[in-house]
Amino acid sequence: MGFDFLILVELSIIEKQRFLTFSTRVSLPKGVWGQLREGPEHPGGQSDLKKRSRLVTEKSSPKRWIFKIILMGDYAVGKTCIIRRYVSDSFIEDYKASIGVDITSQELNYEDDIVQLQLWDMSGQTDFKLVRKQFMSGTDIGIIVFDLTRLSSLQNVGRWINEIHAMIPELPLALVGNKSDLDRERQISREAAEKTMKEHGMLFYAETSAKSGDNITQLFADVTQQLMEDNK
Ligand SMILES: Nc1nc2c(ncn2[C@@H]2O[C@H](COP(=O)(O)OP(=O)(O)OP(=O)(O)O)[C@@H](O)[C@H]2O)c(=O)[nH]1
Ligand SMILES: [Mg+2]
C-alpha cells in the first residue's frame, strides 16, 4: 500500500520536472539541459555535475548560470513559504504539507551575469526520505531550515545534515532560522543557532520570516554569491 503510493508520488514529480524544464525562462542551447541533468551517477549518489562548471552559455554576453539548491528541514518549519515569498512575494497561513518534492525556478542578476536558481523544496515528513534521496543528485548547495519557535527543529539539524551528506558528502550547507516575526514565541537565540552552524561547519546562518518577508531576498542573494564565488 505504502509502496504503491510512493510510486505515484514520484511519477507526479517527474511530470512536474518535465513541465518545468520546458517552461523555464532561461533559453538554454538545445540539449544543454539534458547534458546538465543526465551525468553518470557516482556510488554516493553525486553526479559528475559537481566537477563541471554551472556556466550554461559560455560565449554569449551576459553569461548564464544554473544552480540546483535543495531546501531541507523538519515538517512545517516554512520551507515552502520561504520559496513562495521569494518567487511570488506571497504568503499562505494554512499549513499544507508538501508531498515529495516541488521544483521552482527563479532568475536573478549577479554582477553582469544571469543566474537561474532551481529551488528543490523537499518534504520534511519522514515518510519521504526515499523520495528526497532520489532527487538530491546534482545539488550545488543545501539550505537547512528550522523554526525559531520550535526547539526540536534545531535539534534535528544534525539528522538533516547526515541525510544529505550520506548522499553528497561535503555538500556546502547554509542554516536558516525561520519565523523571526514570532518574537514572543521564540525558543532559540541567535547565539544558539550560530553555535550549531559552527559545530557543523556550515557556511552561514540567517534568520528569516516568510510571513513578513524579512531577509528572504537577502538569503538567496547570499546563497548566489556563495555559489558564484565557488564556481567562477
Ligand atoms: N508566523 C510565521 N509562520 C510561518 C512562517 N513561515 C511559514 N509559516 C507557517 O508555518 C506553516 C508551515 O509552513 P510550510 O512552508 O508549509 O512548511 P514546510 O517546511 O514546507 O513543511 P513541509 O512541507 O511539511 O516539510 C504554515 O502554516 C505557514 O503559514 C513565518 O515566517 N512566520
Ligand atoms: Mg513544504
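**Burial, core and ligand shell in a predicted model**

Student: How many residues does the chain have, and what percentage of them count as buried?

Tutor: This is a predicted model. The chain has 232 residues, and the share that count as buried is 34%.

Student: How many helices and strands are there in the chain?

Tutor: Both kinds of element occur in the chain. The strands number seven and the helices eight.

Student: Over which residues does pLDDT stay under 50?

Tutor: The average pLDDT of the chain is 82, and 76% of the residues score at least 70. One stretch stays under 50, although the model has 46 contacts beyond four places in sequence for it. That stretch is residues 1-52.

Student: Which element gives the most to the largest nonpolar core?

Tutor: This core has 44 residues, and Leu71 and Ile144 touch the most other members. At least two residues each come from E2, H3, strand E4 (113-122), E5, H6, E6, H7 and helix H8 (216-231). With seven residues, the element that gives the most is E2.

Student: Which residues of helix H6 is Ile144 in contact with, leaving aside neighbours within four places in sequence?

Tutor: The contacts of Ile144, with those neighbours left aside, include Met72, Gly73, Leu173, Leu175 and Val176. Helix H6 covers residues 157-167. The contacts of Ile144 that fall in this range are Val157, Trp160 and Ile161.

Student: Why are the buried residues of H6 on the same side of the helix?

Tutor: The buried residues of H6 are Val157, Trp160, Ile161 and Ile164. In an α-helix there are 3.6 residues a turn, so residues three or four places apart point the same way. The four buried residues of H6 lie on the same side because they cover an arc of only 100° around the axis.

Student: Which exposed residues does the face of H6 turned away from its buried side carry?

Tutor: The buried residues of H6 pack against strand E2 (64-72), strand E5 (141-147), helix H5 (151-155), strand E6 (173-178) and helix H7 (190-199). On the face turned away from that buried side, the exposed residues are Asn162 and Ala166.

Student: Which helix gives the most to the shell around ligand 1?

Tutor: Around ligand 1 there are 23 residues, of which Gly78, Thr80, Tyr95, Ser98 and Gly124 come nearest. By class, the shell has nine nonpolar, eight polar and six charged residues. With three residues, spanning 79-88 as a helix, the element that gives the most is H3.

Notes: Residues are numbered from 1 along each chain as its sequence is written. Chains are lettered from A and ligands numbered from 1 in the order in which they are written. This is a predicted model: local features need pLDDT of at least 70, side-chain atom pairs count only at pLDDT 80 or more; totals for chains, interfaces and linings use all residues. A residue is near a molecule or strand if its C-beta atom, placed from the backbone, lies within 6 Å of it. Ala, Val, Leu, Ile, Met, Phe, Trp, Tyr, Cys and Pro count as nonpolar, Asp, Glu, Lys and Arg as charged, and the others, Gly among them, as polar. A residue is buried if 20 or more other C-beta atoms lie within 10 Å of its own, exposed if 12 or fewer, and partly exposed in between; C-beta atoms are placed from the backbone. The arc is that of the directions from the helix axis to the C-beta atoms. Two residues are in contact if their C-beta atoms, placed from the backbone, lie within 7 Å. A nonpolar core is a set of buried Ala, Val, Leu, Ile, Met, Phe, Trp, Tyr and Cys residues joined through C-beta atoms within 7 Å. pLDDT is the predictor's confidence in each residue, from 0 to 100.
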